[in-house]
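Subject: Structure handover

Hello,

Here is the structure you were going to take over. My notes on it follow below.

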Amino acid sequence: MAVEMHRRDFLKTGLFGGAMLATGSSLALLSGCSSNDGPAEGYLHLRKQDVELLLPLTGVVLAQALETSGASAQTALKAYDKVLDGAMPGTRATMFQLFDLMQLGAARWYITGTWASFADQDQTTLTQTLQAWFTLDRTLSRMAWKGLVQPLMFAWFAQPEAGLTTGYPGPPQRVIS
């Protein structure tokens, strides 16, 4: 289903999304859930609360790929952390704003359609939440989906061992000239 977006709609969405991120980040800062205690143990950038938010999500989004490769969601999350390490500081800051926003129940409800945190949902419920989130017709929800899920998938499938599980044999060993 193609969504037609005009310039004015795009500007309104950007303004609304920016205001939502700023409000969410401010609330997160005031409530203490965006406190920066530094990266979690074993990570370059992800904070403890980010790992708690993303770990259940990672396990469901990459479930089949992780099962095929015999890897854990923790391994995939570390790959995501490495991608964040290569990101521009502004991009990384925007991702952390999104993580902070997703920590707030009201914002999570608006963006994903559920109040419950990902860690409080079992795998079946979380899968249903993700399917419902993917089909939401809110531009901010779609941007958040793409901002969380696409880099996560990219980070995982960029790993050599993960790429082999897709049936792609990898880059050629020798290029014929």
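The model is a predicted one. I start with a single residue, then go through the rings, the chain as a whole and a few further positions.

**T58 and its surroundings**

T58 is found in helix α2, which spans residues 48-61. Its relative accessible area is 0%, so T58 is buried. The T58 side chain reaches the backbone oxygen of L54, at a distance of 2.7 Å. Once neighbours within four places in sequence are left aside, T58 is in contact with A63, L66, A73, A76, L77 and L152.

One of those partners, L77, lies in helix α4 (residues 73-86). L77 also counts as buried, because its relative accessibility is 0%, and the cut-off for that class is under 20%. Residues up to four places away in sequence not counted, L77 touches Y43, L46, V51, L54, L55 and T58. For V51 there is also a C-alpha to C-alpha distance: V51 and L77 are 7.7 Å apart in space and 26 residues apart in sequence.

L55, another residue that L77 touches, lies in helix α2. With 28% relative accessibility, L55 counts as partly exposed. Beyond residues up to four places away in sequence, L55 touches A73, Q74 and L77. Its C-alpha atom is separated by 9.9 Å from that of T75, and the two residues are 20 apart along the chain.

**Aromatic rings and charges**

How many aromatic pairs does the structure hold? There are 7 of them. In one pair, F16 and Y110, the ring centres are 6.1 Å apart and the planes are at 70 degrees, so the pair is edge-to-face; the angle cut-off for that label is over 60 degrees. This pair links distant parts of the chain: F16 sits in helix α1 (residues 7-31) and Y110 in helix α6 (residues 105-112), with the two positions 94 residues apart. Both residues come out as partly exposed, F16 with a relative accessible area of 42% and Y110 with 23%.

Y110 has a charged residue over its ring as well: R138 lies over the face of Y110, at 4.5 Å from the ring centre. A second case involves Y43, where the charged end of K78 sits over the ring, 5.3 Å from its centre. Y43 is also among the residues that L77 touches.

Elsewhere, F118, W133, F134 and W145 are linked by ring pairs into a cluster.

**Helix α6**

Which residues of α6 are buried? They are A107, R108, I111 and T112. Around the axis they cover an arc of only 105 degrees, which puts them on the same side of α6. Note that R108 is on this list of buried residues.

G105 also lies in helix α6. Leaving out residues up to four places away in sequence, G105 touches T114 and W115. The C-alpha atoms of G105 and A116 are separated by 6.9 Å, with 11 residues along the chain between the two positions. After α6 comes G113, whose phi is positive, near 95 degrees.

**The chain as a whole**

The secondary structure comes to 9 helices and 0 strands. Read from the N terminus on, the order of elements is α-α-α-α-α-α-α-α-α. The chain has 177 residues, of which 37% count as buried. Its accessible surface comes to about 10,700 Å², and carbon and sulfur atoms hold 59% of that. Among contacts in the chain with a separation of 6 or more, 60% are between residues 24 or more positions apart.

**An exposed position**

Q64 is placed in helix α3 (residues 63-69). Is Q64 buried or exposed? Its relative accessibility is 67%, so Q64 counts as exposed. The C-alpha atoms of Q64 and T165 are separated by 9.9 Å, although the residues are 101 apart along the chain.

**Where to look when you open the file**

- T58, buried at 0% relative accessible area, and its contact L77.
- The edge-to-face pair of F16 and Y110, with R138 over the face of Y110.
- The ring cluster of F118, W133, F134 and W145.
- The buried residues of α6, which lie on the same side of the helix.

Regards

How values were computed. Residues numbered from 1 in each chain as written. Predicted model: local features only at pLDDT ≥ 70, side-chain atom pairs only at ≥ 80, totals over all residues. Heavy atoms only, no water. Helix = DSSP H or I, 4+ residues; strand = E, 2+ residues; numbered from the N terminus. Buried < 20%, exposed > 50% of the residue type's maximum accessible area, 1.4 Å probe, protein only. Polar contact = N/O pair within 3.5 Å; in protein donor to acceptor, adjacent residues only side chain to side chain. Contact = heavy atoms within 4.5 Å. Phe/Tyr/Trp six-rings, centres within 6.5 Å; stacked < 30°, edge-to-face > 60°. Lys NZ or Arg CZ within 6 Å of the ring centre and 35° of its normal. Areas by Shrake-Rupley, 256 points an atom, 1.4 Å probe, with all protein chains shown as cover. Arc of directions from axis to C-beta.
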